[in-house]
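Reader: Could you take one part of this assembly and go through it closely, beginning with how it meets its neighbour and then turning to how it is built inside?

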Amino acid sequence: MNLQIIGQMAVSGALMGMVYALIAYGFQLTYATSKSINFGQGELVMVSAFFSLTLLDLGVPFWLMVPGGLVFGALLGLLVERAGVRLALEEKSEGWVLLTIIIGLFFFSAAENIWGRDDRPFPSPFSPDSVQVFGVDITRQEIAVAVGVLAIMGLIEIFKRRTLLGKAFEAVSADRDAAELMGISATRTVMLSYALSGGVAAVAGILVSPITTVGPTMASALILKAFSVAVVAGLDSGFGVVLIGMALGALESLASFYIGSGWREAPGLMLLILALAVRPTGVFGKAGIRKV
Amino acid sequence: MKRLLLIRGAELALFALLATVPLLVANAYALALLTLLAIYGILLIGLDVTVGYLGQINLGHVAFLGLGAYAAGIGVTRFGLGMPSALAAATAVGLVLGSLLALPALRLEGPQFALATLSFTALSFTFLNEMEGLTGGAQGLSLTRPPLFGHDLSPQGFYWLCTVLLACVWMIMRNLLSSQWGRAIEALRDSPIATDAMGVGVYRHKVAAFALGSALGGLAGGLYAFNFQYLQPQSFVYDLMVILLMGVVLGGRKSLWGAFVGASIVVLLPNLLSNRLIFQAVSGLGLLMALVSGIRGLLRKTTRPFQALAPIVSMGLLVGGGLLVANTEDWRKGIFALMLFSVVVGLPEGLMGFAARFLVRLFRVAPAPLPAPSSLDEVLPSRPADGSTLLELIDLKRHFGGVKAVDGLSMTVRSGQIHGLIGPNGSGKSTVVNVISGLYPPSSGRMLLRGKPLPLGSLYRAARSGVARTFQNLQLFSELTAIENVLVALNGVYRSPLPLVLLGMARAEERHARADALALLELMGLKDQARTKAKDLTYGAQRFLEIARALARRPDLLILDEPAAGLAHPDVLQLIETIRRVHQRGISIILIEHHMDVVSELCTVVTVLDGGRVIAEGSPEDVKRHPKVVEAYLGQTDRDREAAAPDAPPLPA
Amino acid sequence: MKHHVVLGTLLMAALGIQAQGTVKIAITGPFTGGSAPMGASMRDGAKLAIAEINAAGGIQVGGKKMKIVAIERDDEAKNERGALIAQELAAMGDLSGVIGTVNTGVCMAGDRHLQEKGITKIITPAAGSASMTQWSKAGVKDLSIFRFAADDGIQTAMVVEEAINRKFTKVAIIYDSTNYGVSGRDDLLDQIRKQGNRLQVVAQEKFNIGDKDMTAQLLRAKAGGAQALLIWGIGPELAAVSNGEAKIGMKAPLIGGWTLSMSNFIDNAGKNGNGTLMPETFIEDPITPKAKAFIEGYHRTFNVGRIPSPVSAAQGYDAVYLFAAAVKQAQSTDTHRIKGALENLKEPVHGVIATWNHPFSKWNPANEQTHEAFRRDQVVMGMVMDGRVVFANAADKARLIKAASGKGK
C-alpha cells in the first residue's frame, strides 16, 4: 500500500482521536480534584449538543450558541456534582460510580423524550468540502475540530496556571488536605472542576456534532474510547491524552484496513490491557512508589 | 446459635418457597421470570466476589456470561455435549479465562481495573462477533436444550435445575467467604501491602477470587444459553454490565442475600414497570417510604439533609411525572433511573444492608459467643533465647534515584534480643525495615536469616520465612473486626484443603483459630473489642492490634516500626509492658523508635543510623554518650547528611 | 361503594383483565435506544390505524362493534427483553395477536414462545431472512407467525438487479456488524451468485454501530475499484459512509436496504446522499389520497414534520388493518381463529402501501412465501434527491397511482 493511503487513514483516525482526547480531558479535570469521574459524561456531551442545536433552531447566532452551550454544559456538570458525587466523596465511598451512571441514564431518557429518538444533522459554519494537505484529504470541519480541541484545552491550562482560582485547583489536585489547611475549599474546587468538565463536554458535543450527528446515542461509542484514552494516557497526564487519543484513532483506522474492519478495535484493546499491566498509572501518568 | 438458626432458617424458607412456586402458580411468564432470577442470582453472586469482597469495579463479568453461554451453546450444537458436560465446559471457560485476565488486571485498581475489564468485554464481543465459523457471528447461535441424564426438561424442570444450582452455589460461597479465604480476600481489599506482609498472598487470592467469580459467570452463562436457546454477541456488552453492577450495589454488597435481592430487582423491575398500575403503586409506595424515612432521619439528625431530601425529590418527580406523561413506556429508562437514584442515595448499603440492620433490631439477635481464649503457651510457645545470630545484614544498600537512603549498612541481630534501631529523621531506619520485610528489594548487599538468604523484594515471601512487622502508618484491614484482623494473619492453623472448606467441613479448625486469635487479643488487652471493626477502634488500640496481628504469624523476628508514635503516655507504658511480655516468650524484636525512654527501657542493643550508615552500636547507655550520636541528633552541621537526605519525595517516612 | 368500584377496576386492570367486548393486541418493538426511530414509527403508525378503527366504532364482531385495545412493550432491541415479553404475552389468556419487532434477533429469541401457544403475530418491520426461515428449517407444520415486511431476499434481489442494470461490474459490500448487516451481506452474496455472478465483489467491509470514521473501509473499496457500494446498515452510520465518500472524493453511489430512506440518513448525509438507491414499500409522498391522509394524520397526531421511518409507520398501519380484517372475518377475538382467517383473507384490504389481496395463505414449510405478505411488485426503487425520497423509476410511480385509482374505493 502506498504512503498516501496510510497517511489518509492515520490522519482521519487521529482527528477522530482528538475528540476522544477532549472528552478524556474532561475526565482528567474531575479526577484531579476529587479522584472521581463522571461515568455519564457521554450523556452530558449529548444533551449539551441537543441544547445547542435548539439554540440554533431558535435563531441564536453561531457565535452566541457556543458560549450558551458551554454554560449549559457547565450547569449540568454542577448538577452531576451535587446530585451524584458530593455525598459519595463526603462518605469516602465509591457511590459516585453508580450515581453518575444513573444520572446519565436519566439524561438519556429525558433527551429521547424531549428531542426525539432520531439522529439529526448539526449545521456547521464550515463547508463540508475537503482540502488536500500533502495528498491527504481533510475536511474543514475536521480542521475546526482539531483547532477547537487544542484551543479549549490550552485555555483551561492557562486558566489553571495564571489565575488565583486555577491555582487553587492545582493545589487541591496536588494535595487535598494540605490545600484545605491553607484555607482553600476543596468542595468548591471540586464543583469548579465538574463545571469545567461539563463545559468541556459541551464543547466536545458542539465540535463533534457536525461529524457524528446529534442523537441520544451519539456519544455512547465515543465515551468508552475516551475513557480508554484517559486511563491509558494517565488520569493526570494533561496533554498526554492528545497523543494517546491520536495514536488510538490512527491505530483503529490502520487495523481496520490491514486486519479487517470487523477487528478494528481488537489491537487497540489488547495494547491497552498490556499498557496498563506495564504502567498501571498510564503512559504519561506519574508513577508512584509503594509507600507505607 | 439463635442467630445461626434464624439465618439458616431464612435461607431454607427462601429455597423452599422458590422450589414450590411452580407447583402453586401455573403462569408460564412467572416461571420464566423466576428462572431468569435464579440464573442472575448465580451471576450476581459471582460478580459480588470482585465488586463486594475485592472492592473493584469489575466491568468484565458480562463477558464471562457471554463466553460461558457460547461455550455451552457450541458444546451442544457442535460437539453434542449433554447438559452436565456443557455446563461444566461453561464453568471451565469462565475459570480459565478469568485466571488469564487476572494476570494483567492484578496490578490494577480503581479506574484502571475498570478499564482493563471493560476492554476484555469489548474484546470478547469482537471475538464472538467475528469468529463466524465458530459462533455464528452476529446472526446468532440457535440451540435446543439438551436432555439431562436422558430426560427432556420441561420449563419447570429447568427452573428446578437452576434453583438447585443456585442453592449449591449459595452454600459453597457461604462456606468459602466465611472461611480464611473470604477473610483474605476482604483483607487485600483494605490493604494489599499488609495482606502480603502477613504472609497471605495477594496474588494467589486475587487470582483465585477473580477466577471463582468468573467461573460462576460462566456457569450462569451456560444456564442462560439453555434458557434463551438463542445467543447473539451483542447481548453481552456494556449495557447489560451496568445493569448487573447496579443489581449488586442495590441489593447490598458482600452479601449472598444482597446478590439475590439485586437479581430480583434487575430481573423483575424492568418487566413489571410496563404495567402502568404496578408502576404507579411502586412509585407511590416509594414516595411514601422516602417521605417517612427522610423526615424521620432529618428529625433525628441521623441522615444528612441531602440524603433525606434527594430520594423525596426524585420519587416525587416520578409520581408527578407519572401523572403528566401520557405514555410511561416512553420514559422507562428515566423511571428506572429515578428509582435507582433514590435507592442508591437513600440506602447506600443496599437493600439488604438496610434490611439486615432492621432485622437485627427486630429480632434482637445476639452474635454467637466467642470461644474461650486458648492458652498463650499454646499460641506462642516459649522459645529458648540462645543469643545465636538471627539476622545478618551485610553491606546493605538501597538507593532511590540519587538518594542513598541506606548506604552500606551492616548489622547483626541476635536471637532473643530486643534490638533498637534509632536515628534522626531521614537516617534510613524505615528503609532498612522496608528492605528487610521485602517491600523494596535492596540495591545491593546481603541479608541472612539464620544463615539463609532472606527473600528479596517480596513482602509475602519474607513473611513466610519468619519475619513479621507492624507499620508506622497503620495498615489495618479497616473493614474487618479486630479478631478477623488477627485471624487473617494466623499462621499454621488452617490446614483443610479447599474442597472441604467449600463443603463447610472446616468448622472445628475455625473454632480453634478463633480461640488462638482471642488469646493474642487478650495479650494486647483488646479482648473486649474483638468484634469492633478495626476502623472504629481508638488510635492506641489500633497500634496494639497491629502488634497482635503480627504476632499471629508466630514470627522468628518481629519488627515494630515506631509502635509508640502518637501514643498517649499511659498507652506508652502499657506498650512497654506488652513488648516485654512478648519478648519473654522468646521472640526476637527489632524496635524502631523515636522515644528514647522506650528504647532505654526495652533494648539490650541499639544501633544508631545516620545518613544510611551505622554510626554507633552498643547498649542504650553507651550509644547515648557516643559523640557521633550526640552530633547527629544535636548538631546540624554534618555535610554528609545534608547531601544524603534532601527532601526528595521517594524517601518514605 | 364508589371505592369498591375503583378498587375492582384497578384489580382487574392489574391482572390484565380487560373489559369484555374489546380486541386486545400487543405492539412490541424498541421504543427507546438506537433502533427506536423504527420501533416508535411502527408503533405510532399502528396506533394511528387503531385510533381510526376505534373512531369508526370498532370492528364488527357478531352483531356488536368491538374496540381495539393495544398494550405496548418496549423490547429495547434486546433479545433477552424480547424473549421475556414474548413469554409474558404468551401467558396472557385473552390476547388476540401481536404486531411488531424491528430486530431479527429479537424474533429469533422470542417468537418461539408465541408459536408454542399458537398466538398470531405479524412481524413488522424486521426484514432479516432468518426470522421466517427458522420455521421452514424446523419443519413446523402449523405456524402462527406472519411477516409484513419486504424481506431481505426481495430487497437484495432488487439491489443486485439495480446494480447490474446500471452497468456496474465492480462493487463493494459494506455492512454493519449486527445481525441485520451480516445477514444482508449473506443475502447479497447469494443474490449475486443467483443472478449470474455479473458483479465482482472487490471488498467486504464491516462497521460497528456508533462508528463515525469510515475512511479505512472506503479506501479499501476505492483501492479495489468499486463503482457502487452495496450497503446494509442503519441510519446515522450510513450517513457517515456517504459523507466519508465525499471527503475522499469517491463517487460510487450507495445502493442498499430500505433503511436508506430513513430521515436520519437523508438529513445527515445532506447533498452527499443524492443518488442513493433503495427498495421501498412506502415513500412519504402523497401520491394517492390514502397516502395523503395517512401522512397528514401521522404528522398531526404525533406532532412531527416528518416521519422518522415512513416505511415502518406505513407497515405498522397496514398491519393493523390486515389484522382487523382477519378479526372481522373470523368473527372472533380468538387468536387461533384469527390466524386461520389471516391465512385466507377473502376481502381485499385497502392499505396505505397497497391494496392487499389475499396476502397470506396456508403455511407450507417448503415455501415461506405463504406467510410473507410482500411480493416483488409491491416494492419500488426509491432514490434520494435533495432531502426527499423520490421514485427512481417513473414507471413505478405510474403503476402505483394506476393501481390505487383502479382498485381503490
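**Chain B, from its contact with chain A inward**

Author: In this predicted model, the contact between chain A and chain B draws on 38 residues from chain A and 43 residues from chain B. On the side of chain A that touches chain B, the elements that give two or more residues are α3 (62–90), α4 (95–115), α9 (220–233) and α11 (266–278) of chain A. Among these, α4(A) makes the largest contribution, with twelve residues. Sorted by class, that side of chain A holds 28 nonpolar residues, together with six polar and four charged ones.

Turning to chain B itself, its 653 residues include 52% that count as buried, and its secondary structure comprises 28 helices and twelve strands. The C-alpha trace of chain B extends over about 90 × 60 × 50 Å along its principal axes. Of the contacts in chain B with a separation of 6 or more, 75% are between residues 24 or more positions apart.

The domain assignment splits chain B into domain 1 (10–271), domain 2 (273–369) and domain 3 (378–618). Between the C-alpha centres of domain 1 of chain B and domain 3 of chain B there are 40 Å, and the contact of these two domains involves 20 residues from domain 1 of chain B and 26 residues from domain 3 of chain B. On the domain 1 side of that contact, at least two residues each are supplied by α7 (155–177), α8 (180–190) and α9 (192–197) of chain B, and the largest share, seven residues, belongs to α8(B). The classes on this side of domain 1 of chain B are ten nonpolar, six polar and four charged residues.

A single helix of chain B also deserves a closer look. Helix α15 of chain B, residues 332–346, consists of 15 residues, and the distance from its first C-alpha to its last is 21 Å, close to the 21 Å expected at 1.5 Å a residue. This helix, α15(B), is mostly covered, with 14 of its 15 residues buried. As background to reading such an element, an α-helix has 3.6 residues a turn, so residues three or four places apart point the same way.

Note on methods. Residues are numbered from 1 along each chain as its sequence is written. Chains are lettered from A and ligands numbered from 1 in the order in which they are written. This is a predicted model: local features need pLDDT of at least 70, side-chain atom pairs count only at pLDDT 80 or more; totals for chains, interfaces and linings use all residues. Helices (H or I, at least four residues) and strands (E, at least two) are DSSP runs, numbered from the N terminus. A residue is buried if 20 or more other C-beta atoms lie within 10 Å of its own, exposed if 12 or fewer, and partly exposed in between; C-beta atoms are placed from the backbone. Two residues are in contact if their C-beta atoms, placed from the backbone, lie within 7 Å. Ala, Val, Leu, Ile, Met, Phe, Trp, Tyr, Cys and Pro count as nonpolar, Asp, Glu, Lys and Arg as charged, and the others, Gly among them, as polar. The expected span of a helix is 1.5 Å times one less than its number of residues. Domain bounds come from an automatic or database domain assignment.
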